[in-house]
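User: Could you take me through one part of this structure closely? I am new to it, so please begin with the whole chain and then zoom in on a single helix and its surroundings.

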Amino acid sequence: LTAVRPILSALSSKARRVQSLSRRRLFTMQSIRNSVTSARARLAGPMARSLAVKVDGDKAQVEVAALSCYKTDGPASLWVDTTKEEVVGGLRQMMTMRRMEIAADLMYKSQLIKGFCHLYDGQEAVAVGMEMGCTKKDHIITSYRDHCFQFSRGDTVKRVLAELTGRVGGCTRGKGGSMHMYYPKANFWGGNGIVGAQMPLGAGLALGAKYLTNNGLARGDAKSNAVSFALCGDGAANQGQVFEAINMSYLWKLPCVFVVENNKYGMGTSAAKSSSNDDFYTRYDPLPGIKVDGMDAFSVKLCTAFARQWCMDGKGPFVLEMNTYRYHGHSMSDPGLTYRSREEVSGIRKERDPLDKLKRTTLELGYMTDAEIKAMEKEVRAEVDEAVDFSKASPEPPLSDLYTDVLADANPPYIRGVDGIYGHGKCEWAPGANK
């Protein structure tokens, strides 16, 4: 017994250590689960819920979640009017956006796309819903995360992907790349690479709209027949130029809707850590604002239309905060998982994905069957695959294109050197070499 007692004591001590370690591990795992649950709740909020619908043939209504409003009562009803054509068209548009951005991801990883590339998957409901709530007469200007707005304004997947690969078939003939896409015929002005720089330009577009409507800069509550939508992310929302543009827009009562796409992270920093007030719809006092479920195309449509009418009535600028989420990192160089967990990303995909939500709504309305939706997905996949092939086959711009869209004289016979002293003389490839 004397010999066995130390052995029993050691075993008992080891058992206590194992039990303590097990408790610690259990506590740690529970803490992780609580953190993930808390993050999901913070990101989802009260907006993540199913929708009710009313159907009357090809016309319908979709109910959206309650809105948070600042210095405005907001829309009179949470029921959004829609049609079968709008629902089915919006679903196909969103499917195409998602597939196009996934294709861009794969092309970038295959080194077919170089340089900066910021993807929009997860945020598609903002672009789709805004198009539902405005017209092509209205101006849109956004940041460098612009591929889907180029498409939603009317351009093709082929031209978007060809621009990403720097080819002649691109929307700016391969000169702009990912961050500088434009579609002037539908009043889309980019695509801007400098953080926040598009916001003063958006105010200028609103100034132009009001000026042209009234044959001069009418003071006060003068109406306008078009509106400017200036979009930035939460990371740009603290910039001084944003506040300056908003201040001038308020003083001149410009028809400008300032849209903050709050995807929760400015690069790798959460909005809660970078902003003293991350309720962006309230921070540009005295402007009224609404916090919108940016993962629901119909909520975006409702608030876009409301803000647009507010501005057209001459009441001055308005703020919309789109509560949304990006699945990829800030850009392709950012894996997107050093400042957030895989569980957080997958949780948002499962609970708030805008494409899944629109599919469910389409099924609830009875406008498509599950088989028809799958057939549409197959068609979209084939369309995007064809666009990828087009972007690969399209040639690179010739050297002579260096001087197109730059000089007033489109055919310079002499090409000046970059050092300012020695030029290239009459280059064979210069547009005016044969003069």
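Analyst: Buried residues, meaning those under 20% relative accessible area (exposed is over 50%, partly exposed in between, with a 1.4 Å probe and protein chains only), make up 49% of the 435 residues in the chain. This is a predicted model, in which local features need pLDDT of at least 70 and side-chain atom pairs count only at pLDDT 80 or more, while totals for chains, interfaces and linings use all residues. Residues are numbered from 1 along each chain as its sequence is written, and side-chain values use heavy atoms, with hydrogens and water left out.

The chain holds 12 helices and 11 strands; these are DSSP runs numbered from the N terminus, with helices (H or I) of at least four residues and strands (E) of at least two. Counting contacts (heavy atoms within 4.5 Å), residues 24 or more positions apart account for 72% of those with a separation of 6 or more.

Now let us zoom in on helix α3. This helix spans residues 124-133, and 10 of its 10 residues are buried. Ala125, found in α3, has a relative accessible area of 0% and is therefore buried. Leaving aside neighbours within four places in sequence, Ala125 is in contact with Met94, Met130, Gly294, Met295, Asp296, Ala297, Val300 and Pro354. Ser299 is 174 residues from Ala125 in sequence, yet their C-alpha atoms are 9.1 Å apart in space.

What does α3 pack against? Its partner here is helix α9 (residues 297-312): the two axes come within 7 Å and cross at roughly 45°. Axes are lines fitted to C-alpha atoms, for helices over the stretch in contact, and angles run from 0 to 180 degrees between N-to-C directions. The angle makes α3 oblique to α9, because under 35 degrees counts as roughly parallel, over 145 as roughly antiparallel, 65 to 115 as roughly perpendicular and the rest as oblique. The crossing of α3 and α9 is right-handed, which is the name used when the near helix is turned clockwise from the far one by less than a right angle (left-handed if anticlockwise).

On the α3 side, the contact is made by Ala125, Val126, Val128, Gly129, Met130, Met132 and Gly133, and on the α9 side by Ala297, Phe298, Val300, Lys301, Thr304, Ala305 and Arg308. By class, these are nine nonpolar, three polar and two charged residues. Ala, Val, Leu, Ile, Met, Phe, Trp, Tyr, Cys and Pro count as nonpolar, Asp, Glu, Lys and Arg as charged, and the others, Gly among them, as polar.

Met130 of α3 also takes us to the interior. A nonpolar core is a set of buried Ala, Val, Leu, Ile, Met, Phe, Trp, Tyr and Cys residues joined through side-chain atoms within 4.5 Å. The largest one has 69 residues, and Met130, Phe149, Leu161, Phe229 and Leu320 have the most contacts inside it. Leu320, not counting residues up to four places away in sequence, touches Val257, Phe258, Val259, Val260, Ile290, Val292, Cys303, Thr304 and Ala307. A second, separate core of 21 residues includes Cys232, Ala236, Ala245 and Val260.

Leu161 leads to one more helix pair. Helix α5 (residues 157-164) and helix α12 (residues 370-393) have axes that come within 8 Å and cross at roughly 40°, so this pair is oblique. Leu161 is one of the α5 residues in that contact, and Phe390 is among those from α12.
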